[in-house]
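Here is a short briefing on one protein model. Keep the picture open while you read.

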Amino acid sequence: MNVVLDHIVFHLQNAGGISTYWYELSKYLVKQQDTIISHTLMNTVSEGIHSSWVDSLPRTVIDKRPLKLARYLKAPVGIKGKAIFHSSYYRLPQRTGLATVVTVHDFTYEHFRKGLPRLVHTKQKNTAICHADAIICVSENTKQDLLFFLPEINEANIHVIHHGASEDYRRLYGTISEFPELQQNPFVLFVGDRGCYKRFDIAVLATKRHAKLSLVIAGSQLSKQEIDFLNINLHNRWRYIGRISNIILNILYNLAFALIYPSSYEGFGMPVLEGMKSGCPVICSNLSSIPEVAGTAAVLVCEQSYEAYANAIEILFNPKIRAAIVESGLKHSASFTWEKCCKSTLDVYREVYSQKFGCEYVV
């Protein structure tokens, strides 16, 4: 079975859930003996956390158009005959007659953005979805969003396939030599973007309520406004780590008193799984896809206020409760694996290939 993978996300995103998903999927697919992979890459260098993987890929097809333009245009394919086409970010193939698969991650633009950015993104996404032979949604919540915004889509073409968590995330035993200064004082950890719906303000103000705790932040560069907000509310009780590898993030999860994840909307919510798999108790909202991912293995907060999250932190000061949450998280997260995600995606390819071309998939 021929599969064309459009790797444009590696040129659009230095780090994040979509590029992590695409890295895990493409890494799995190139190992399948019954699958021939063609790789569509841009003519620019990828500088993200998966750049070494991108550099190792054979450049089957190179899209030489400027990235700012090419991201909105159809992708070159470079092969003939029957094939599956799957883009990492809502592009369709230039050649007709292929079986197309699209992965829908979330509807943040539709829920939270306005103006031209929303219009352009939504048009591209909707076009990809409406032309797809199969649609993969990363959560049941994302599927319901899809059916809300595009009720004309045939639900039978939608497949819910959950993400996994990298094997880099695990519980560490013995002495940890990294971050000795953080081991002297307990801290809560905030991971990822800090846009409006991520509710970074709640994380700061909830931490403020507990004088013995500090806040450690992993993610994109802090803005001046964020730094001022941190200094006003936490003074010297915060530390910015920056963008870090899975290995370092796993260490922080292991050292943290808790992961605080007050986001009010997620397509999936990968840090919830990562934290659980690392033995870090998770405090998160009871909204959108988050309870779908967290199950009963996290402290779910039903009110989006700093008082409610401060109270959730208070619960974990009970050693027995904290230990129970940790053990529950370890057990729950074990059921979410990239192996399962990628195998289910390959099954979708095979089904679509058979339906599209009226025959069993063949190499």
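The points below cover the sheets, two residues, a pocket and the cavities. The model is predicted. Seven strands form one open sheet, and six strands form another open sheet. The structure also holds two cavities of 30 Å³ or more.

**The seven-strand sheet**

- The strand order is E3-E2-E1-E4-E5-E6-E7. The pairing is parallel.
- Strands of a sheet pair through backbone hydrogen bonds, and the pairing can be parallel or antiparallel.
- Strand E3 (61–63) and strand E7 (158–160) sit at the edges of the seven-strand sheet. Each of these edge strands pairs on one side only.
- Neighbouring strands of the seven-strand sheet are turned by 20° against each other on average, with direction ignored.
- Look at strand E4 (residues 84–87) and strand E5 (residues 99–104). They run parallel and are joined by three bridges.
- One residue to find in this part of the sheet is His-86, whose bridge partner in E5 is Val-101.
- Helix H7 (residues 140–149) packs on this sheet. Helix H7 touches E5, strand E6 (134–137) and E7. The direction of H7 makes about 155° with that of E7.

**The six-strand sheet**

- Here the order is E10-E9-E8-E11-E12-E13, and the pairing is parallel.
- The edge strands are strand E10 (238–242) and strand E13 (299–301). Each has a pairing partner on one side only.
- On average, neighbouring strands of the six-strand sheet are turned by 25° against each other, direction ignored.
- Strand E12 (residues 282–285) pairs with E13 in the parallel sense, over three bridges. Ile-283 has Val-299 in E13 as its bridge partner.
- Helix H10 (residues 224–234) packs on this sheet and touches strand E9 (214–218) and E10. The direction of H10 makes about 150° with that of E10.

**Leu-57**

- Find Leu-57 in the loop between helix H3 (51–56) and E3.
- Is Leu-57 buried or exposed? Its relative accessible area is 7%, so Leu-57 counts as buried, the cut-off being under 20%.
- Leu-57 touches His-7, His-39 and Leu-41, leaving aside residues up to four places away in sequence.
- Ser-26 is 31 residues from Leu-57 in sequence. In space, their C-alpha atoms are 9.9 Å apart.

**Phe-149**

- Phe-149 belongs to helix H7, the helix that packs on the seven-strand sheet.
- Why does Phe-149 count as partly exposed? Its relative accessibility is 27%, and partly exposed lies between the cut-offs of 20% and 50%, so Phe-149 fits that class.
- Phe-149 touches Phe-107, Glu-110 and His-111, not counting residues up to four places away in sequence.
- Asn-126 is 23 residues from Phe-149 along the chain. The C-alpha atoms of the two are separated by 9.2 Å.

**The second largest pocket**

- This pocket has a volume of about 240 Å³.
- Its lining includes Glu-24, Lys-27 and Tyr-28, as well as Trp-338, Glu-339 and Cys-342. Ala-165, Ser-166, Glu-167 and Asp-168 are also among the lining residues.
- Which elements give two or more residues to the lining of this pocket? They are helix H2 (17–29) and helix H16 (338–357).
- The lining of the second largest pocket divides into four nonpolar, two polar and six charged residues.

**The cavities**

- The largest cavity holds about 60 Å³ of space. Among its lining residues are Phe-85, Tyr-90, Arg-91, Thr-100, Val-102 and Ala-128.
- Val-101, the bridge partner of His-86, also lines the largest cavity.
- E4 and E5 each supply at least two residues of the lining of the largest cavity. Which element gives the most? E5 does, with three residues.
- The lining of the largest cavity has seven nonpolar residues, two polar and one charged.
- The second largest cavity has a volume of about 40 Å³. Ser-87, Ser-88, Tyr-89, Tyr-90, Thr-103 and His-105 line the second largest cavity.
- That lining divides into two nonpolar, four polar and no charged residues.
- Ser-87 and Tyr-90 line the largest cavity, and Ser-87 and Tyr-90 also line the second largest cavity.

Definitions and conventions:
Residues numbered from 1 in each chain as written. Predicted model: local features only at pLDDT ≥ 70, side-chain atom pairs only at ≥ 80, totals over all residues. Heavy atoms only, no water. Pairing = 2+ DSSP bridges. Helix = DSSP H or I, 4+ residues; strand = E, 2+ residues; numbered from the N terminus. Axes fitted to C-alpha atoms, helices over the stretch in contact; angles between N-to-C directions. Contact = heavy atoms within 4.5 Å. Buried < 20%, exposed > 50% of the residue type's maximum accessible area, 1.4 Å probe, protein only. 1 Å grid on protein atoms, 1.4 Å probe; cavity = no way out; pocket = protein on both sides within 12 Å on 5 of 7 lines; lining within 4 Å. Points joined across faces, edges and corners; volume = space filled by probe spheres on them. Nonpolar A, V, L, I, M, F, W, Y, C, P; charged D, E, K, R; others polar.
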